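The following exercises are to be worked with the sequence and the three-dimensional structure at hand. Each task is followed by a solution in steps.

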Amino acid sequence: MRKIIKNGTIVTAADIYNADILIENGVISQIGQHLSTDGSEMIDAEGHYIFPGGVDPHTHLEMPFGGTVTKDDFETGTIAAAFGGTTSIIDFCLTNKGEPLKDAIDTWHAKAKGKAVIDYGFHLMIGEVNDTVLSELPSVIEEEGISSFKVFMAYKNVLQADDETLFQTLVAAKELGALVMVHAENGDVIDYLVKKALKEGNIDPIFHAFTRPAEIEGEATGRAATFTGLSNSQIYIVHVTCEEAVRQIAEARNNGVDIWGETCPQYLVLDQTYLERENFEGAKYVWSPPLREKRHQDILWNALKTGQLHTIGSDQCSFDFNGQKDLGKDDFSKIPNGGPHIEDRLSILFSEGVTKGRLSLNQFVDITSTRAAKLFGLYPQKGTIAVGVDADIVIFDPNSERIISAESHQMAVDYSAYEGMKVTGEPVSVLSRGEFVVRDKKFVGKLGSGQYLKRAKYNISNESEDKTYTI
Ligand SMILES: [Zn+2]
């Protein structure tokens, strides 16, 4: 069935204009003035923005971690994402040392199958590099369409890779056309600080923040940047939280290193004092890297505005307060690390970014959709509104106000990290490949309708076009 969206204001990373959009067979077939509605379903978007569907490059759905499994899976997680205006996610596929990469990828396919309501791709974790792994990587990229590898510099004895592994991954990625992503914190120093804190009887959630200082995020970011320059490779720093890391990224970029930075909504609007909340409530805000002192927030906003940071990932990794977070009741290091953010990513960035004058509308689209699509080989199929691309569309009311709450959210998790926060602007209807997933704020999608996204290789020329912003 043809659909035609009329009277809305189309916003892409480059343009803002009024036009009708015709959708046929899941793709945008025409954009123009006064398109004929004959034989089409007419959707009136008067007073609304029309954004390309959000691309969330950082989710952990149904992921085993810390002796438990994240609460939201590919069903509740992707429904929540859709309500929040996200139509593509890239989830992290974990691997186990000594096991074929293919097995890990198959495991992740099984998690998503029959559940996802929006399109999804995978990043692949690299925990070790040896001849077997190196022999598997070309097919990971060519056949599985996975063109990004994740390396953890933290979580000692669990997920952490050593420097040799990171460097080898960068070398291989350069050769094969993949983007390396790193969790940049110095896991060895953290391990020492955690042991010391516990020995001194410091067991409360706030010590999660005290044992992971900003300096060691900056150090690891700088180290990763150095390795990237040395190997002439490419890197994407996930969840940047602080001035120390932003400075390392900016300096490396000035030196010509191909380095990109992501931050997350939580670091832009929450701060370290949340971990001090009484009755163990601080555990709701335990994730890594930790929330920082408030002064870092302005630095992150400015870095997004000036192009030192480039994307917003949710780092969705939800655990219930009751029954999961309380694994660390007597020891902060046992609190499962992660929080629920997939649903409110666009709302928070729009409300705090656009309506407060920190970001332009075009920057908002670039940061929440277009840039991630380009970096992770999905552009232009995803990440823009143009003739011939997937009709992943968000019809967004810029004036509606709501209070974020666990009582009204779609995620399965039992609390909201943003409980009581008032936000302006929200998605009203969301289409994935031309079909409504959310219509007038109600779920109308179909479980399993989300398709797996095989992604193109990393290509820096995706980024070379000149972009001018109107601020
Ligand atoms: Zn993460």
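**Exercise 1. The zinc site**

What spacing do the donors of the zinc ion follow along the chain? State also which atoms serve as protein donors.

Solution. The model is a predicted one.
- Step 1: Identify the donors. The zinc ion has H58 (NE2), H60 (NE2) and D315 (OD) as its protein donors, at 2.0 to 2.3 Å.
- Step 2: Place them along the chain. The pattern reads H-x1-H-x254-D.
- Step 3: Check the surroundings of the histidines. H58 and H60 are both buried.

**Exercise 2. The pairing of strand β1**

Determine which strands pair with β1, and in which sense.

Solution.
- Step 1: Locate strand β1, which covers residues 2-6 and has four of its five residues buried.
- Step 2: Examine strand β6 (residues 40-44). Five bridges connect β6 with β1, and the pairing is parallel.
- Step 3: Examine strand β4 (residues 20-24). Here β1 is joined by three bridges, and the two strands run antiparallel.
- Step 4: Follow one residue, K3. Its bridge partner in β6 is E41, while its bridge partner in β4 is I23.

**Exercise 3. Rings and charges**

How many aromatic pairs does the structure hold? Describe one of them, then find charged ends that sit over rings.

Solution.
- Step 1: Count the pairs. The structure contains 21 aromatic pairs.
- Step 2: Classify the pair of Y120 and F122. The centres are 5.8 Å apart and the planes make an angle of 40°, so the pair is neither stacked (under 30 degrees) nor edge-to-face (over 60) but tilted. Y120 and F122 are both buried.
- Step 3: Look for linked pairs. Y49, F51, F350, F364 and F396 are connected by ring pairs into a cluster.
- Step 4: Inspect the charges. R253 places its charged end over the ring of W260, 4.7 Å from the ring centre. The charged end of K374 sits over the ring of Y379, at 5.0 Å from its centre.

**Exercise 4. Cysteines**

How many disulfides does a search of the whole structure find? Decide further whether C93 and C242 are buried or exposed.

Solution.
- Step 1: Search the structure. The result is zero disulfides.
- Step 2: Take C93. The nearest cysteine sulfur belongs to C317 and is 15 Å away. A disulfide needs two sulfur atoms within 2.5 Å, so C93 is in none.
- Step 3: Take C242. The nearest cysteine sulfur, that of C264, lies 12 Å away, and C242 is in no disulfide.
- Step 4: Assess accessibility. C93 counts as buried because its relative accessibility is 0%. C242 likewise counts as buried because its relative accessibility is 0%.

Terms used:
Residues are numbered from 1 along each chain as its sequence is written. This is a predicted model: local features need pLDDT of at least 70, side-chain atom pairs count only at pLDDT 80 or more; totals for chains, interfaces and linings use all residues. Side-chain values use heavy atoms; hydrogens and water are left out. Buried means under 20% relative accessible area, exposed over 50%, partly exposed in between (1.4 Å probe, protein chains only). Two strands pair if DSSP finds at least two bridges between them. Donors are N, O and S atoms within 2.8 Å of the metal (3.2 Å for Na, K and Ca); water is not among the atoms, so sites may look incomplete. Rings of Phe, Tyr and Trp (its six-membered ring) pair if their centres lie within 6.5 Å; planes under 30 degrees apart count as stacked, over 60 as edge-to-face and the rest as tilted. A charge sits over a ring if NZ of Lys or CZ of Arg is within 6 Å of the ring centre and within 35 degrees of the ring normal.
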